[in-house]
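Work through these exercises with the structure open beside you. Try each task before you read its solution.

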Amino acid sequence: MTEQMFFAQPDATGWTELAPGNTRRVLIHTPELMQVEFGFEKGAVGAPHSHPHIQVSYVIEGSFEVTIDGKTEVVGQGGSFIVPSGLVHGVVALEKGRLVDVFTPMRQDFI
C-alpha cells in the first residue's frame, strides 16, 4: 500500500524549465487530483494545448492573457479560470506572474 501524502512543504519539489521564462513544479497529488505551480517571466507563453484533464487555475501574482477554446480574456491576481476536458487553451504572461493549477485526474505526464 502506498503511503498517502497529506502535506507538502514549500520547497519539497524542484522547478522544471518548460520553455524560456516558463517553469513548473508539482506541489502535491493523488491519483484523482493534482496541484501544480507555474512561474512565468513577462512575455512568457504557455503554448496552446489540450488534455483530457479538467483544469482550474488561480492567478497568485501577475496578469495573464488567457485563451480557452478561442475566447480570450485578461485574468489578473486573485482571478481564476477553468478549462473543461479537451479544450485548447494557453496563456501569455503580461507581467511576471505565477499560476496554481489543479487537475483532475492527476497529470501522469508531470511525474
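Four exercises follow, each with a worked solution.

This is a predicted model: local features need pLDDT of at least 70, side-chain atom pairs count only at pLDDT 80 or more, and totals for chains, interfaces and linings use all residues. Residues are numbered from 1 along each chain as its sequence is written, and side-chain values use heavy atoms, with hydrogens and water left out.

**Exercise 1. Trace the open sheet of six strands and find its edges.**

Step 1. Set the terms. Strands are DSSP runs of E, at least two residues long, numbered from the N terminus. Two strands pair if DSSP finds at least two bridges between them.

Step 2. Read the order: β1-β2-β3-β10-β5-β8, with antiparallel pairing.

Step 3. Find the edges. β1 (16-19) and β8 (80-83) each have a single partner strand, so one side of each lacks a neighbour in the sheet.

Step 4. Check the twist. Neighbouring strands are turned by 25 degrees against each other on average, direction ignored. The axes are lines fitted to C-alpha atoms, and angles between N-to-C directions run from 0 to 180 degrees.

Step 5. Look at one pair. β2 (residues 22-29) and β3 (residues 34-40) are antiparallel over seven bridges. R25 faces E37 in β3.

**Exercise 2. Place V26 and list what it touches.**

Step 1. V26 lies in strand β2.

Step 2. V26 is buried, at 13% relative accessible area. Buried means under 20%, exposed over 50%, and partly exposed in between (1.4 Å probe, protein chains only).

Step 3. Contact means heavy atoms within 4.5 Å. Leaving out residues up to four places away in sequence, V26 touches T13, M34, Q35, V36, F110 and I111.

**Exercise 3. Which residues touch the most other members of the largest nonpolar core?**

Step 1. Such a core is a set of buried Ala, Val, Leu, Ile, Met, Phe, Trp, Tyr and Cys residues joined through side-chain atoms within 4.5 Å.

Step 2. The core has 19 residues, and F40, F64 and F81 touch the most other members.

Step 3. β3, β6, β8, β9 (89-93) and β10 each supply at least two of its residues. The largest share, four residues, comes from β3.

**Exercise 4. Inspect the backbone at D69 and P105.**

Step 1. Recall the background. Most residues other than glycine have a negative phi, and most peptide bonds are trans.

Step 2. D69 has a positive phi, near 55 degrees. D69 sits in the loop between β6 (63-68) and β7 (71-76). D69 is partly exposed, at 44% relative accessible area.

Step 3. The peptide bond from T104 to P105 is cis, with omega near -10 degrees. P105 is in the segment after β10 (97-104).
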